[in-house]
Amino acid sequence: MQVLSPIYEKQFSNNSYGFRPRRSAHQALNQCKDHITAGYKYAVDIDLDKFFDTVNQSKLIEVLSRTVQDGRVISLIHKYLNAGVVVRNKFEETKEGVPQGGPLSPLLSNIMLNELDTELEIRRHRFVRYADDLVILCSIRRSAERTLTNIIPFIENKLFLKVNTEKTVVAYISNIKFLGYSFYVHNKEGRLRLHPKTITKMKARIKELTSRSNGCGDARRKETLRQYITGWVNYFKLADMKSLLPKVDEWYRRRLRMIIWKQWKRIRTRLRYLMKLGIEKHKAWEYANTRKSYWRTANSPILTRTIGNDRLKLAGYIFFTDFYRYVNGIN
């Protein structure tokens with residue numbers, strides 16, 4: 001990979017961003033924004049069905065042989081492709097595809113899909129590709145539909161790859177998902193926002209990390225949440241979500257209060273902590289004896305006041321809105 005990568009980097013398209021040095025998903029997304037701002041608002045969202053598992057090895061070797069003249073190197077790569085993999089302690093043959101997780105696989109996938117990049121450039125299409133995620137941008141829907149009809153035969157008959165026709169669509173840019181993002185137009189400028197599935201997936205992960213029964217101690221929970229939130233925000237920081245994140249944080253803080261309330265399991269423990277946090281004894285006693293559910297109690301005025309936002313921050317919890325503002329330099 002270290003030897004072949006510099007050789008092939010000279011051949012790769014400027015519209016390809018995945019698994020390449022000094023290139024990133026954020027650059028791919030900004031390129032999409034530029035095309036949308038230029039008026040290309042209809043997308044051909046192509047889904048290659050199980051790409052890494054279905055690469056035609058004979059075609060890949062043929063493409064490699066055009067550049068790599070040393071037969072020993074080609075033979076070595078062929079052996080690598082046919083070496084097989086161990087899945088759940090069971091050996092499986094690999095007569096097709098490239099083994100996922102191998103150091104050479106990302107480069108081989110780019111070499112294969114560079115054939116598609118070259119064809120799209122010959123046809124003068126505006127497109128962005130990140131690994132096997134490909135979006136072609138067109139100015140009108142009819143042009144996008146024609147592009148899809150014309151490019152599928154090349155992918156299937158020339159490259160011997162499979163197109164998932166159920167997931168491959170022609171749509172307005174706001175209705176597609178690319179690298180977890182979606183797009184919209186504001187004042188004739190292409191902008192980025194989160195795709196609904198991304199939000200659903202994020203909330204499911206937070207729900208898992210703040211489960212009352214996942215066995216995590218406080219220190220481990222705080223660290224895991226910190227790692228997840230900082231990583232998530234750093235990746236999705238390009239999206240416009242200033243109005244979304246406060247709502248997410250409100251829901252997230254309620255889940256934290258629910259955990260804390262469960263930890264104060266006994267009535268006398270609840271009474272002691274509520275009084276310590278400034279609640280009068282008779283009110284604290286009334287709340288300590290509540291029969292309401294953990295989730296409902298977590299949204300009560302008593303808990304939102306005693307376990308407020310600042311107190312949770314002091315306890316070491318990090319929140320989406322604060323970190324989003326920090327990474328984007330927003331006061």
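**Exercises on burial, salt bridges and backbone angles**

Ser16 is placed in the loop between α1 (4-9) and α2, where helices (H or I, at least four residues) and strands (E, at least two) are DSSP runs numbered from the N terminus. The model is predicted, so local features need pLDDT of at least 70 and side-chain atom pairs count only at pLDDT 80 or more, while totals for chains, interfaces and linings use all residues. Residues are numbered from 1 along each chain as its sequence is written, and side-chain values use heavy atoms, with hydrogens and water left out.

**Exercise 1.** Determine whether Ser16 is buried or exposed, and list the residues that Ser16 touches.

*Solution.* Step one is the classification: buried means under 20% relative accessible area, exposed over 50%, and partly exposed in between (1.4 Å probe, protein chains only). Ser16 has 0% relative accessibility and therefore counts as buried. Step two is the contact list, contact meaning heavy atoms within 4.5 Å. Not counting residues up to four places away in sequence, Ser16 touches Arg23, Asn110, Asp117 and Arg129.

**Exercise 2.** Describe the surroundings of Leu29.

*Solution.* Leu29 belongs to helix α2 (residues 25-37). With a relative accessible area of 0%, Leu29 is buried. Once neighbours within four places in sequence are set aside, Leu29 is in contact with Phe178, Leu179, Tyr181, Phe183, Leu192 and Leu238. For the last of these, Leu238, the C-alpha separation from Leu29 is 8.7 Å, although the two residues are 209 residues apart along the chain.

**Exercise 3.** State how many salt bridges the structure holds, and analyse the pair Glu62 and Lys59.

*Solution.* Side chains of opposite charge can pair when their charged atoms come close. The criterion for a salt bridge is a side-chain nitrogen of Lys or Arg within 4 Å of a carboxyl oxygen of Asp or Glu. The structure holds 13 salt bridges. In the pair Glu62 and Lys59, the closest N and O atoms are 3.4 Å apart. Because they are three residues apart in helix α4 (residues 57-67), Glu62 and Lys59 are separated by about one helical turn. Glu62, at 39% relative accessibility, counts as partly exposed, whereas Lys59, at 10%, counts as buried.

**Exercise 4.** Examine the salt bridges Glu286 with Lys283 and Lys313 with Asp322, then identify the network that includes Lys59.

*Solution.* The side chains of Glu286 and Lys283 meet at 3.7 Å, N to O. Both residues lie in helix α12 (residues 281-288), three residues apart, about one turn of the helix. Glu286 is partly exposed at 46% relative accessibility, and Lys283 is partly exposed at 32%. For Lys313 and Asp322, the N to O distance is 3.2 Å. Lys313 is partly exposed at 36% relative accessibility, and Asp322 is partly exposed at 34%. Salt bridges that share partners join Lys59, Glu62, Arg66 and Glu115 into one network.

**Exercise 5.** Locate Arg88 and Phe160, and report the phi of each residue.

*Solution.* Arg88 is found in the loop between β2 (85-87) and β3 (90-92). Although Arg88 is not a glycine, its phi is positive, at about 50°. At 82% relative accessibility, Arg88 counts as exposed. Phe160 lies in the loop between α7 (141-158) and β6 (169-172). Phi of Phe160, likewise a residue other than glycine, has a positive value near 60°. With a relative accessible area of 45%, Phe160 is partly exposed.
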